[in-house]
Amino acid sequence: MEDSSLALVVIAPVLGALVSYLVGRASPKFSGIAASLAVLVSLLNVVALWRGLDVTGPSRFILSSWLSFASVDMPLELYFDKLSAVMCLVVTGVGLLIHIYSIGYMADDESRPRFFAYLNLFVAAMLILVLGKSLPVIFIGWEGVGLCSYLLIGFWYTNTEFASAGRKAFVMNRIGDVGFIVAMAILYHSCGTLDVTLLSKPEALARIPSEMGFIAGIALFLAATGKSAQLPLFTWLPDAMAGPTPVSALIHAATMVTAGIYLMGRMYGVVELDPAVPAVILWIALATSAVAALIAISQNDIKKVLAYSTVSQLGFMFLAVGVGAYSVALFHVVTHAFFKACLFMSAGSVIHGCHHEQDMRRMGGLAKSMPLTCLSYGIATLAISGIAPLAGYFSKHAILEALSSAHNPYLHPYVGTIGLLATAIAICTAFYMTRSFILTFMGSYRGEAHPHEAPVVMTAPVLALAALSVVGGLLLNHSLLTYLAGVLPPVEHHGASGGVLAALLGSIPGIIGIGLAYALFVSLPAVRESIARATKVLHAISAGKFYIDEALQLIVIAPVNALARIVSRTLDQTVAIGFGDALGSISRVAGELTCRITTGQVSTYVLWMFGSAALLLYIFLPLR
Amino acid sequence: MEPVVSYLGVSALLFTIGGVGLCLRRNAIVLFMCVEMMLNAVNLAFVTFSKIHGNLDGQIAVFFVMVIAAAESAIGLAIILSVFRSVSSIETTDAAELKW
Amino acid sequence: MSFIEFVFAAVAIGSALGVVGFRNPLTGAFSLILHLLSVAGLYALLGAHFLAVAQVVVYAGAIMVLVLFVLMLLNLKRESGRKMGLLRGMVTVGIAGMLFVSVAGPMLSHFDNLSSVGLSEAAKASEGGVKAIGQALYGRYIVQFELSSLVLLIGVVGAVMLAKRKTVKLEPRQGGMGGE
């Protein structure tokens, strides 16, 4: 059904970007308000469309014709169905809260207008990504969010480290994009269309030859790896913490990084073509999740802890994808958006209150000075640790359940191991999150600033997200999964059955983790000391981020740089510039030689004149 | 070949000799004299043609050539004198300022 | 070709070579006078009697006198004996050859069928006596004739202006003409 309010959903933030930048030039205070209003408009339209879904079914809208020549016709078309609804609600809802939060967080920054413009642009790109009806349109949004991520990570571009972090994120995203393009090529060649609604139908999927199926699936996963920070393309996410905290909350917790999961969900037909693909996805996700959790244990920067936590949780989402439980993965996307955004924004309040201190070793005892922030962070920590009845419990539990009933022939023999590892990771998650809570809010203050609570404009959105972290799981548990069953493959789901006892059992990994952390960091410091001494090597590996960055530098970056240098020297300088120089020299030398005719000597001129006359006469006067 | 035609050969030869002199000599007055010689060769050719065609047009042409040659010699020598006054030489190699 | 024609032609060519060849420009000038006189003889042999005399009077008599005056005035020494480059000499000879061939060739090859020089109708008509020349000049070619007088005037004025010595600049206030 055609619905023009779809266009408004996307156009509102674009206009918002323009308006907030221009308004901000005159009065920076209002740029934030303008940007938030734009997102609000989008949100209201999304809600209206969502309500309309039950009545009229999915809606679509063509923004304009785009690629139309020969046998190709791919307009810029938007499509709104249940999957899009879920994603749009998260993007615009959480996005609005983060915009409001940013008004407070960026209150002292002079480049506020540029910030809000980029933020709105990002929301627009993310909405295009989620609403795209064909893969090229999704790709526009895909690239758009990559660009905005780069712009926002390197927002304070005068700092070269921050700018490099932005560039690193962009380049790693691009590597993933190769997968996207390869997948598009294969799909278009086999099926003749790139429309996602058509590509999910069995008739289209049957046209993909079997050997191509594996490649197409892996290619799509490669794209998701770049965007959603899985091995080996995840090192950009911790570095992306160089951007302002609202950016980390919006892009690297709630929305952009979930674009990979969305892509998998939309194209599940292609992903499931060859059962080897989901198996690969699962193993990589498991490895990523484990590595990230292990690194998070030793981090001292509060934002880095949250960054690695995000990578780990994304791994969890891909675990669900690996066993074909796409709606469960989406469920975790939603709950993760709630508590991770809440965590990041609370951390932002802490950083703001401690005057831009991010090292947890110089924090402590902030529960007294920042009670509201402490409350939200605490709630979110409980949620991420999977303590019932908070949101994280339900989604994690659903993932662990799905893992146990995997049908994939490659995975079936290892179900037990996978489940065990996933549970261990959950314990780890609870451990390092509790550690960060303890270090930041409990004990006594170890820093030098005078911490104070954040203003209302910042605490209100954070508390709202904390509230969602509390009730979100309860509300969405069964209903979301059945809601998405029309679009994504159905999941065997036992729901919140079993009552209180089952809930307690399910929360055990979280309780273990929290307990361990409390024991080591609060009650038994001596034990911690001895463990720390014993595990020095492990600690070094963890703190050194498993040396993955260094490995990538050696294996990938150094050879590419060397190749670039060689090409630059030989081709560029010698051939290209040399060729140009040679042409110039020819002209110059020719000129210098030719101008020697004018010797100033009359005899020379006479000779030339006579010679030419003689030659002309010789040629033109006929001799019989 | 008719005998009168050999006059044309003589004319061509004189013209060529004048041209060679123009290329080889450096003295401005000698150059001028070579030019006069070339004009004479042309005059000879005109007169021969007049003889061949049987009318006086060629000879009238020679008359006018002579008039022009006279005027030209006056001015040419005046120029040579002016140049001599500034350069103190009538060798063409000494007046070669207009070069690259 | 009769003997006398041959003699005149040979002297003309020889003296032409002399003009080009002699180092001393004065000797060259005298050689040119000889050349002009022999060419005048050739004119006479061709029936252009008026022109033959005009040649002697104007060319040999006036122009060459002027040249000699200038040569004497300049009081030249021998031409500086800078040797000419071999390349230039060869190029010149080559050009000369080409020039001769291109000038002479067409002329000589064109006129194969002609009436002989002698007392034919054509020969009679091309007798350039004073009367005949006069009739042509004041008849058909009167306009050109008048114009040629203009050319001579230009020549006179130009020569005087060019050869004049530099005069002192006139002051605007002072009356009268300065200079010569």
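Visitor: Where is B:Ser88 placed in chain B?

Guide: B:Ser88 is in the segment after H3 of chain B. Helices (H or I, at least four residues) and strands (E, at least two) are DSSP runs, numbered from the N terminus. The model is predicted: local features need pLDDT of at least 70, side-chain atom pairs count only at pLDDT 80 or more, and totals for chains, interfaces and linings use all residues. Residues are numbered from 1 along each chain as its sequence is written, while chains are lettered from A and ligands numbered from 1 in the order in which they are written.

Visitor: Why does B:Ser88 count as exposed?

Guide: B:Ser88 has 9 C-beta neighbours inside 10 Å. A residue is exposed if 12 or fewer other C-beta atoms lie within 10 Å of its own, buried if 20 or more do, and partly exposed in between; C-beta atoms are placed from the backbone. So B:Ser88 counts as exposed.

Visitor: What is the phi of B:Ser88?

Guide: Phi is positive, about 60°, although B:Ser88 is not a glycine. Most residues other than glycine have a negative phi.

Visitor: Which residue of chain A, other than glycine, has a phi near 55°?

Guide: That is A:Ala229, and the value is positive. A:Ala229 is in the loop between H9 and H10 of chain A.

Visitor: Why is A:Ala229 called buried or exposed?

Guide: A:Ala229 has 31 C-beta neighbours inside 10 Å, so this residue counts as buried.

Visitor: What makes the bond from A:Leu231 to A:Pro232 worth a stop?

Guide: That peptide bond is cis, with omega near -15°. Most peptide bonds are trans. A:Pro232 is in the loop between helix H9 (210-228) and helix H10 (236-239) of chain A.

Visitor: How do you know what span to expect of H3(B)?

Guide: The expected span of a helix is 1.5 Å times one less than its number of residues. H3(B) has 31 residues, and 45 Å is expected. From first C-alpha to last, H3(B) reaches 44 Å, close to that value.

Visitor: What makes up the side of chain B that touches chain C?

Guide: On chain B, 63 residues are in contact with 68 residues of chain C. Two residues are in contact if their C-beta atoms, placed from the backbone, lie within 7 Å. H3(B) gives the most to this side of chain B, with 21 residues. By class, this side has 43 nonpolar, 14 polar and 6 charged residues. Ala, Val, Leu, Ile, Met, Phe, Trp, Tyr, Cys and Pro count as nonpolar, Asp, Glu, Lys and Arg as charged, and the others, Gly among them, as polar.

Visitor: How many helices and strands do the chains have?

Guide: Chain B has 3 helices and 0 strands. Chain C has 7 helices and 0 strands. Chain A has 27 helices and 2 strands.

Visitor: How many residues of each chain are buried, as a percentage?

Guide: In chain B, 58% of the 100 residues count as buried. In chain C, buried residues make up 26% of 180. In chain A, 52% of the 624 residues count as buried.

Visitor: Which residues of H16(A) and H18(A) make the contact between these helices?

Guide: H16(A) supplies residues including A:Phe339 and A:Leu343, and H18(A) supplies residues including A:Tyr377 and A:Ile384. By class, this contact has 8 nonpolar, 4 polar and no charged residues.
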